[in-house]
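Dear colleague,

I am handing over the structure we spoke about, which you will find directly below. Please read the notes after it with the structure open beside you.

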Amino acid sequence: MIDASSAVLAADSSGPSVLSQLFGSGLIGVREGLETGIVVMILVAFLVKSDRRDSLKWVWTGVAIAVVMVLAVFAGIHYGTSTISGLAAEAVAGVASLVAVVIVTLMVLWMRGAAAHISGDLKAGMGRALELGAPAVLALSFLAVGREGLETALLMVGYAENTSGSSWPLVGLLIGVVIAVAMTVGLYFGTVRINLQKFFTYTGAFLVVVAAGILAYGIRAIQTVGWLPGLGTRAFDFSSVYDQSSWYGTLLGGIFNFRPDPTLLQVIGWVLYLAVVMTLFFRPRRQQSPSLSPAETSKVETPAA
């Protein structure tokens, strides 16, 4: 039986350090978990304020189904990539990474624009769902949570591809989700106050950089299969002076998929992706309705105690 310290040493010697795997996936868990938690909190708060507590069970049922779906998607893709080897594994890893990048990019950009009015949209949707009945309430909560969860599952699959089957990224994700749940409960009862607009801006930018690393990883995997040219064309190579087993090497490799000998196509893809997506992410948004002040867009209405 291998003890915890041996597992840590093994992880350090064969790939990204345990700390880097936990930190990167944990931050993703906090960000995505809080985003999902806020969605659920808005739905629950609306039902409580509307004196429709009888419909809460359908919200939680929808949430539970969405969680099961997300776990099934994550397990299915992770199991599929861990049970094959050779060029087939590289092909699956490359495709999964590129799909993850597309989905995460779309969701991050959507959240950036929708954050200011997501509360109103969810409340309006729940109002219509209540008129239609329990199945509509269940469907609304399932879709709202499932959308966020699917993004997380795809991001984690692409993020964890370079960890040689390690379970530490999943552990970090779960720790991050637990922290997010605690923060959500604190927000609901008013014991925790954070500027949600800034939080999602900073963490969204972080996810864009992570996605750029996943894109570079996917490009190299597809080059290895032979679907893209240029595997032997290096943009630069400072492997002789860069220690991948050092603290900075494992941190950069574990979180951002950085390596000291990228191909030219990897660097081009990484630079173009960051230039385009960061520009879209930080572009000035149209002025919101006068009834929505910056302070109002950074908080969520919760029921009074």
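What follows is a short account of what was found, taken up in the order of salt bridges, aromatic pairs, the largest pocket and one loop residue.

Please keep in mind throughout that this is a predicted model.

Salt bridges

A search of the whole structure turns up five salt bridges. One of them joins the side chains of Glu35 and Arg31, with an N to O distance of 2.3 Å, and since the two residues both belong to helix α2, where they sit four residues apart, the bridge covers about one turn of that helix. Glu35 and Arg31 are both buried, and together with Glu32 they form a network of salt bridges.

A second place to look is Asp261, whose side chain meets that of Arg220 in a salt bridge at 3.9 Å, N to O. Arg220 lies in helix α8 (residues 196-225), whereas Asp261 lies in the loop between α9 (247-256) and α10 (264-281), so this pair ties together parts of the chain that are 41 residues apart in sequence. You may wish to note that a pair counts as a salt bridge when the nitrogen is within 4 Å of the carboxyl oxygen, and the 3.9 Å given for Arg220 and Asp261 should be read with that cut-off in mind. Both residues of this pair, Arg220 and Asp261, are buried. Asp261 also forms a salt bridge with Arg259, where the closest N and O atoms are 2.8 Å apart. Within that pair, Asp261 counts as buried because its relative accessibility is 13%, while Arg259, with a relative accessible area of 31%, is partly exposed.

Aromatic pairs

The count of aromatic pairs comes to seven. In one of them, the rings of Phe206 and Phe256 have their centres 6.0 Å apart and their planes at 70°, and the pair is therefore edge-to-face. This pair links distant parts of the chain, since Phe206 is in helix α8 and Phe256 in helix α9, 50 residues apart. Phe206 counts as buried at 15% relative accessibility, whereas Phe256 is partly exposed, its relative accessible area being 26%. Phe236 and Phe238, by contrast, form a stacked pair, with 5.5 Å from centre to centre and 10° between the planes. Both are partly exposed, Phe236 with a relative accessible area of 34% and Phe238 with one of 30%. Ring pairs also bring Phe236 and Phe238 into a cluster with Tyr242 and Phe258.

The largest pocket

The largest pocket has a volume of about 800 Å³. It is lined by 28 residues, of which Gly33, Thr36, Val67, Val177 and Val181 are the closest to its centre. Helices α2, α3, α6 (134-159) and α7 (168-188) each supply at least two residues of this lining, and α7 gives the most, with eight residues. Sorted by class, the lining of the largest pocket holds 20 nonpolar, six polar and two charged residues.

A loop residue

Lastly, Ser55 is found in the loop between α2 (18-49) and α3 (56-82). Ser55 counts as buried because its relative accessibility is 4%, and, leaving aside residues up to four places away in sequence, Ser55 touches Leu47, Leu130 and Val137.

With kind regards

Note on methods: Residues are numbered from 1 along each chain as its sequence is written. This is a predicted model: local features need pLDDT of at least 70, side-chain atom pairs count only at pLDDT 80 or more; totals for chains, interfaces and linings use all residues. Side-chain values use heavy atoms; hydrogens and water are left out. Buried means under 20% relative accessible area, exposed over 50%, partly exposed in between (1.4 Å probe, protein chains only). Contact means heavy atoms within 4.5 Å. On a 1 Å grid over the protein atoms alone, a cavity is a set of points where a 1.4 Å probe fits but cannot get out, and a pocket is an open set with protein on both sides within 12 Å along at least five of seven lines; lining residues have an atom within 4 Å of a point. Grid points are joined across faces, edges and corners, and a volume is the space filled by probe spheres set on the points. Ala, Val, Leu, Ile, Met, Phe, Trp, Tyr, Cys and Pro count as nonpolar, Asp, Glu, Lys and Arg as charged, and the others, Gly among them, as polar. Rings of Phe, Tyr and Trp (its six-membered ring) pair if their centres lie within 6.5 Å; planes under 30 degrees apart count as stacked, over 60 as edge-to-face and the rest as tilted.
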